[in-house]
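Student: I have a model open and would like to learn how to read it. Could you walk me through it?

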Amino acid sequence: MPLPMPFNPVSHVENRRLVEAAYGTGKLEAWERSHIHECQICQSVFYVLVVQVMGLDGSIAKEA
Ligand SMILES: [Zn+2]
């Protein structure tokens, strides 16, 4: 068994769910939060989305 924990690498959090969480319009399920915590791929995607939403300086981006 190469995997040390019950972790299904196929079941990444959907991008749509990450977008909703980044925009604050959706709430991640417990397994989604824990998955992001453990998955560098989802962490990277979520980080990019948060930066896009919040702006690089951490402020909310204005809609032009
Ligand atoms: Zn993932």
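Tutor: Happy to; we will go from confidence to helices and then to packing. Keep in mind that this is a predicted model.

Student: How high is the mean pLDDT of the chain?

Tutor: A general caution comes before the number: where pLDDT is low, predicted coordinates should not be read in detail. Here the chain averages 83, with 72% of its residues at 70 or more. Among the elements, helix 2 (residues 30-38) has the highest mean, 95, and helix 3 the lowest, 92.

Student: What secondary structure does the chain have?

Tutor: There are three helices and zero strands, so the order from the N terminus reads α-α-α.

Student: How far apart are the end C-alpha atoms of helix 3?

Tutor: They are 20 Å apart. At 1.5 Å a residue, the 15 residues of helix 3 (residues 40-54) should span 21 Å, so the two values agree. Just after helix 3 comes Gly 55, with a positive phi near 90 degrees.

Student: At what angle do the axes of helix 1 and helix 3 cross?

Tutor: In general, two packed helices are described by the angle and the distance between their axes. For helix 1 (residues 15-23) and helix 3, the axes cross at roughly 40 degrees and come within 9 Å. The pair is therefore oblique, and the crossing is right-handed.

Student: Which residues of helix 1 and helix 3 meet?

Tutor: An α-helix has 3.6 residues a turn, so residues three or four places apart point the same way. In helix 1, the residues in contact include Leu 18 and Ala 22; in helix 3, Cys 42, Val 45, Phe 46 and Leu 49 are among them.

Student: What share of the chain is buried?

Tutor: Of its 64 residues, 9% count as buried.

Note on methods: Residues are numbered from 1 along each chain as its sequence is written. This is a predicted model: local features need pLDDT of at least 70, side-chain atom pairs count only at pLDDT 80 or more; totals for chains, interfaces and linings use all residues. Helices (H or I, at least four residues) and strands (E, at least two) are DSSP runs, numbered from the N terminus. The expected span of a helix is 1.5 Å times one less than its number of residues. A residue is buried if 20 or more other C-beta atoms lie within 10 Å of its own, exposed if 12 or fewer, and partly exposed in between; C-beta atoms are placed from the backbone. pLDDT is the predictor's confidence in each residue, from 0 to 100. Axes are lines fitted to C-alpha atoms, for helices over the stretch in contact, and angles run from 0 to 180 degrees between N-to-C directions. Angles under 35 degrees count as roughly parallel, over 145 as roughly antiparallel, 65 to 115 as roughly perpendicular and the rest as oblique. A crossing is left-handed if the near helix is turned anticlockwise from the far one by less than a right angle, and right-handed if clockwise. Two residues are in contact if their C-beta atoms, placed from the backbone, lie within 7 Å.
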